[in-house]
Amino acid sequence: MNIIEGLKYSKDHEWVRAEGNKAYIGITNYAQLELGDIVYIELPSPGDKFEAGDVLGVVESVKTAADVYSPVSGTVVEVNEELAESPEKVNEVPYESWFVILEMDDPSELENLMDEEEYGRYCIEEGK
Amino acid sequence: MDRKLIFEISKEGRKAYSLPACDVPETDIETLIPPEYLRKSEPDLPEVSEIDLVRHFIGLSKLNHSVDTGFYPLGSCTMKYNPKINESLANLSGFAKVHPYQDESAVQGCLGILYNMDMMLAEITGMERVSLQPAAGAHGELAGLMIIKAYHESRGEYNRNKIIVPDSSHGTNPASASVAGFEVVEVKSNGHGCVDVDSLRSVLNDNVAGLMLTNPNTLGLFEESIVEIADLVHEAGGLLYYDGANANAILGISRPGDMGFDVVHLNLHKSFSTPHGGGGPGSGPVGVKKELVPFLPTPVVEKNEDGYYYLDYDRPKSIGRVRSFYGNFGVVVKAYAYIMSLGADGLRKVSEAAVLNANYMMHKLKKYYHLPFEQPCMHEFVISGQKQKEKGVSTLDIAKRLMDFGYHPPTIYFPLIVKEAMMIEPTETESKETLDGFIEAMVQIAREVEEEPETVLNAPHGAAVSRLDETRAARNPILRWKD
Amino acid sequence: MSNYIPTTEEQQAQMLKEIGLKRIDELFESIPEKVRLNRKLNLPEKMSEPELAEHMYELAASNKNLDEYDCFLGAGAYDHYIPAVIEHITGRSEFYTAYTPYQPEISQGTLQAIFEYQTMICGLTGMDVSNASMYDGATALAEAAAMSCKVTGRKEILVPCAVHPEYKEVLKTYARFNGSVVVETEYKNGVTDIDALKSKISANTAAIIIQNPNFFGSIENLESFAELAHGNGALLIAYVDPVSLGILKAPGEAGADIVVGEGQSLGNPVSFGGPYLGFLAAKEKFMRKMPGRIVGQTVDKTGKRGFVLTMQAREQHIRREKATSNICSNQALNALAATVYLTVMGKKGLKEVAQLCVKKAHYAYKKLIETGKFKTVFTAPFFKEFLVKSEIPIQDLNKKLLDYKIIGGYPIEKNYPELKNCWLLAVTEKRSRKDIDRLASIAAELSSVGSGRLK
């Protein structure tokens, strides 16, 4: 199980990397393995606002599709256009393939998410 | 070598058409239509001679597996034999060459078929009336759900905006509910693969418009608690919707209307033998109980005392039209001919033979494949390739290997609640010899998984193409030919 | 056993024995007694094949058909010539007894044919992508409207009155339930009134729908509507007659964002209203929002070209309630007929068909006006259909024409009360000058008040 230290994790298998008020958001290695070959990613537009738990985008593989939820509340400041061209990056390097950068409304929301240890245990439970 | 596309055999100057010379006074088109509306270059279409065309398309046809060329046990799709007489009859000029807007007096035969089909399907399903307008199963579902919504709204119950579907349902159920403007609530199946009554009870309330069920369900099992389920939904003020995809199990044996269903759709291209056409045309009639008749799509065919058929458009409570004209009439003609050729006894024998064939296969296969639900099945059953998966061979591989034996694989990975699912529906039109042949192939594949898994993993071996890269197709879609 | 059930009674007994049962009834024991039908279905007695054939011949004979009558009726279903070769292809049971091509390795025939269909629809409409077809033109239009709402995030659809009344009805049915709003606008001299559209368009408008040629047969100025739609952040949905595209400018070129239409004219019989096919094509940027099946090109393990159903994550079997549509089939066999038709005709033939339609329709219009019994209704340019005003009610006229083996035009007053006694006539390449002359003279004679029967 490939989990990175220092990131925050949601129950829907998103990761968050916080830099000040900015949150980089992507999906975890566990999530990309469950989905299989990712073929398309639907991303929001800069300026879109999300509450924690809102659907931020969609990841599609050949045989399935999953919503990506925003782990924190905030406003999109940047989307990763590269993923539109090369969705396979998410399979290859999930923790480098951020989907969006959010300007967080309330960085204390990060405390509601799991750390790497908690997330590791959570994944083992999920996999059963 | 790649098989050529029609565009790749096109040659300028060839033609396959023959049209009459213009026999009215020649006029320059630009004097009739303003030049700015006209296209400057000819549309991008191929130029071939008739023999090029024939060889090309006949060549393509030979790449298809079909009911006429081999066993097609695709679960939930009822790939039964399509009687040839029905094809010939539907092609008669008196059906195929009739314009939908001809005067009623000039189409009495067509209207009669629609009216009598309405009556016969109502009898078969236990409904009051049936509209033949929906063009396919999913379209029938949509019309049926619109009827449910219109009914609740007519009673001032605008709050009923939820449709319940089991977790084993066809994907069309929640999709149709969503298109009809409902929210979807999923209920779990119990250990027998049937609706869990307690979990159903927990989601029933004033916001529920109805429950959609397939019965027998997508595991091929009859909902044993159907009477209780119907009572519960009705007590909560909801209606019951019957997805008729699996009606081939119950013809003349049990009727959705008697089970408590209020709205039913049928797939004429499944239970009533009309061919699937490579994906269509089908026909998805929707039937309703008496209190819902006013909401059926317009128009409805009626008959007056003199036996004259007419179209009734004056239906103020109707949901309106869901399709132009009167539905896939040509398909209805074939299904009508099928019912007329079987009669009541014949239809019952269809279901009996279909259910017997399925149980026989299930019995023979359970020694080799995991059977998640032990009880007798109806017209289809689900086995799981999980034993084989442990050896590194997936259900997909087994499916591909079946092609080498000349069979179409079963429906795979559905229903979603069974891992490595294979859903097998033999239908009544297959002989014991055919079933035995398929069983033998499945047994051999099970042995291959143990002894020579590579053979299964690399299948198919003899098809026109080997396994295709679906990821590549979806990542960089090429959806048309370009020079 | 019936002729469609091959297991013998003896085999059935043997099969029952193997599974440990005695009687077939035992198989149905899971059905509660209360819901079993313990009687025979009340259906007509079964018929042998010869009896069935006889019965069906009689029913067929009670309908007037276009092989025996000259048809001037259109209004959404057209009597174009169907080349003989088509039924020899669609009649191949490898095509018609197959299902949706779920297993691509043994469905390349259907898949490649659909890929060719998609290519031809793109070529004809000037669009980038086409789906594998839909139930009919009307539902394709309703799906296009729903798609425009998803693309724009808006809810309102502007529909001119010059759109086929049945398509509008289907659109309204879908809209009533999916939460969008249909706003109707007026026509002027047989074409859509752009000023009426301008007064209704707003920041809520998802799309303008323009039928071209419209229900009256008149040709619309698509470019002006594209400009209006785009200027307001809305899409232009063009509903077109595919045969007209043999000569009319491709809607893609005129600025349409989604193009739909009824494909019946392309090699499919009128068949009392169905089965037909709807086509739906769009600009590439809207590709992922398209409803329905789509076939894509790929390669197999050896690098050989092959075709698969693709972008399936949009669809109901994966996305369930979040799918772009609930549709899960296409009208594959009708689309095959259309593909073969377009192949037979090719770029030159389709143009010729379209030209013959225009010339003959204009000749018919001139002949009817020349009789003095019919009056011009609109002066807008038209393609193969046009309106004239009669002196007597159209339904009476049509009934009388049946005696002369003529199926007359559509009584448009049914849907447009203001167009009293107006007759919508369609003239395809199948109508000869003689047929047209005969129509004009007989219709004129029948229109003379108090006229007797012509012989």
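**Nonpolar cores and strand pairing in the predicted model**

In this predicted model, the largest nonpolar core comprises 147 residues, and the members that touch the most others within it are Met117(B), Leu121(B), Leu200(B), Phe272(B), Leu347(B), Met56(C) and Ile412(C). Helix α11 of chain B, which spans residues 329–365, supplies the largest share of this core, with 22 residues. A separate core of 81 residues lies apart from it, and its members include Phe7(B), Leu248(C), Ala281(C) and Cys357(C).

The surroundings of one of these highly connected residues, Met56(C), can be described in detail. When neighbours within four places in sequence are left aside, Met56(C) is in contact with Leu89(B), Leu92(B), Phe95(B), Ile113(B), Val333(B), Tyr336(B) and Ala337(B).

In chain A, strand β6 (residues 55–61) is largely enclosed by the rest of the structure, because six of its seven residues are buried. Strand β4 of chain A, covering residues 38–42, pairs with β6(A) in the antiparallel sense over four bridges, and within this pairing Ile41(A) has Val59(A) as its bridge partner in β6(A). Antiparallel pairing also links β6(A) to strand β7 of chain A (residues 65–69), here over five bridges, with Val55(A) standing opposite Tyr69(A) in β7(A). The connection from β6(A) to β7(A) is a hairpin of three residues. In general, the strands of a sheet pair through backbone hydrogen bonds, in either the parallel or the antiparallel sense.

Chain C contains an open sheet of seven strands with mixed pairing, in the order β2-β10-β9-β8-β7-β3-β4. The edges of this sheet are formed by β2 (129–130) and β4 (181–185) of chain C, each of which pairs on one side only. Elsewhere in the sheet, strand β7 of chain C (residues 205–212) and strand β8 of chain C (residues 235–240) pair in the parallel sense over six bridges, and the bridge partner of Ala207(C) in β8(C) is Leu235(C).

Two helices of chain C lie across strands of the chain. Helix α6 of chain C (residues 137–152) lies across β3 (156–160), β7, β8, β9 (258–262) and β10 (278–282) of chain C, and runs at about 170° to β8(C). Helix α7 of chain C (residues 165–178), for its part, lies across β3, β4, β7, β8 and β9 of chain C, and runs at about 150° to the edge strand β4(C).

Note on methods. Residues are numbered from 1 along each chain as its sequence is written. Chains are lettered from A and ligands numbered from 1 in the order in which they are written. This is a predicted model: local features need pLDDT of at least 70, side-chain atom pairs count only at pLDDT 80 or more; totals for chains, interfaces and linings use all residues. Side-chain values use heavy atoms; hydrogens and water are left out. A nonpolar core is a set of buried Ala, Val, Leu, Ile, Met, Phe, Trp, Tyr and Cys residues joined through side-chain atoms within 4.5 Å. Buried means under 20% relative accessible area, exposed over 50%, partly exposed in between (1.4 Å probe, protein chains only). Contact means heavy atoms within 4.5 Å. Two strands pair if DSSP finds at least two bridges between them. Axes are lines fitted to C-alpha atoms, for helices over the stretch in contact, and angles run from 0 to 180 degrees between N-to-C directions.
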